[in-house]
Amino acid sequence: MSKSAMYERFCAAIGRWRLPEMAAFFALALLWLAPAPASADNDHRLRVMTQNLYVGSFFQELGAARTPSEIISAATLTYQHILATRPAERAVVIADEIAKLRPDFVGLEQAAILRTGAAPPATAVTFDLLQSLLQELAARGVRYETVAVVPGLDAEAPTALGFDVRLTMRDALIVRADLLEEGHVKLSNLQIRQYIAASTDTEGYSSIDVTWRGRQFRFVTTHFALSPALAVPQALELVQTAANTTLPVVLVCDCNANADNPADPIFQNYPAYLLLKNAGFVDAFRTARPNDPGFTCCQEENLLNVTSTMRHRIDLVQFRGPFTVEDVQVVGASPTDRTRLGLWPSDHAGVVATLKLQSRDDAD
């Protein structure tokens with residue numbers, strides 16, 4: 001679960017045709033009749049996504065550790081728990097979803113790197129979730145380019161296994177490579193910033209100005225702290241910096257609403273959310289599906305729960321400006337999305353929104 005409090009604990013501790021010809025004919029006919037692959041490329045539709053990749057631990061053991069021996073024991077258990085969730089295999093399932101929907105822009109949270117080594121700094125990579133995801137996408141013929149990486153927690157601790165474990169947390173923004181190569185998208189004014197009001201996880205955001213099929217907007221991805229005491233000033237800082245523009249803005253985030261408030265499942269009373277709403281941001285999911293709870297968080301820590309335990313909606317696509325919502329969907333939340341070993345692809349579901357940005361010509 002992407003909660004800043006978890007990371008704080010961690011950082012603190014660390015014709016008459018022959019039969020084959022006839023078959024080929026019908027195969028081609030079926031392909032012709034089949035719906036085209038999901039894409040937002042037509043009619044100037046923009047498709048965006050937010051997805052928390054989930055490193056594989058809630059870090060309770062490290063949060064409870066106090067002595068050096070307890071830290072070593074906790075780091076060992078945490079490392080083993082992370083490996084048990086098979087992050088690289090889960091990236092395969094997430095890549096399948098992205099390849100099917102082909103969003104133009106994807107904001108990723110917890111795009112973690114896990115390393116081991118005999119002494120600090122550990123450098124032997126056990127997994128790199130961002131690279132695994134990009135490689136899986138490329139293998140499916142849907143290449144993405146990394147546009148921004150927002151650094152987060154980078155902590156190392158010894159284990160009882162004879163080596164150190166180092167965890168590097170990052171958020172990232174990726175863009176479909178074909179859009180860049182074919183000139184449909186041009187990017188400028190990249191900004192990567194860590195919030196002044198940040199926990200030890202050093203939350204931040206990335207923003208970039210986009211010229212997209214003749215239209216212009218700013219794309220922002222962020223990951224707020226769990227605590228409102230941090231999230232509210234972070235949201236305010238985002239409004240005063242990344243969102244301080246006359247351009248239309250698309251904001252995707254793991255916004256970390258208060259997951260301990262079951263009376264607020266649709267996120268209406270979270271103060272950072274209200275701050276963004278008062279700044280003119282519109283919640284795409286709530287606009288398109290006002291009566292759908294749209295839960296995106298959170299599955300059990302080990303991801304092996306048979307029945308979904310998602311009870312909160314904290315992963316959001318928001319926008320400000322002349323957008324209309326064509327469609328919004330939650331992905332990775334169905335039991336059929338689990339891996340062959342029964343693991344959910346993440347403790348979070350992803351959110352994919354298809355938007356249409358009105359141009360000056362449209363207005364005329």
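Here are three short exercises on a predicted model, each with a worked solution.

Residues are numbered from 1 along each chain as its sequence is written. Local features need pLDDT of at least 70 and side-chain atom pairs pLDDT 80 or more, while totals for chains, interfaces and linings use all residues, and side-chain values use heavy atoms, without hydrogens and water.

**Exercise 1.** Classify the ring pair Phe217 and Phe323, and place it in the chain.

*Solution.* Start with the rule: rings of Phe, Tyr and Trp (its six-membered ring) pair if their centres lie within 6.5 Å, and planes under 30 degrees apart count as stacked, over 60 as edge-to-face and the rest as tilted. The rule gives 8 aromatic pairs. In this one, the centres of Phe217 and Phe323 are 6.3 Å apart with 80 degrees between the planes, hence edge-to-face. Next, locate the partners: Phe217 belongs to strand β9 and Phe323 to strand β13, 106 residues apart (strands are DSSP runs of E, at least two residues, numbered from the N terminus). Finally, Phe217 counts as buried because its relative accessibility is 0%, and Phe323 does so at 7% (buried is under 20% relative accessible area, with a 1.4 Å probe and protein chains only).

**Exercise 2.** Name the members of the aromatic cluster that includes Phe105.

*Solution.* Phe105 is joined by Phe217, Phe219, Phe319 and Phe323 in one cluster.

**Exercise 3.** Check the length of helix α4 (residues 68-84), then look at its buried side chains and its end.

*Solution.* The expected span is 1.5 Å times one less than the number of residues. With 17 residues, α4 should span 24 Å, and its end C-alpha atoms are 24 Å apart, so the two agree. Among its buried residues are Ala74, Tyr79 and Ile82. Just after α4, Arg86 has a positive phi of about 50 degrees.

Notes:
Helices (H or I, at least four residues) and strands (E, at least two) are DSSP runs, numbered from the N terminus. Buried means under 20% relative accessible area, exposed over 50%, partly exposed in between (1.4 Å probe, protein chains only).
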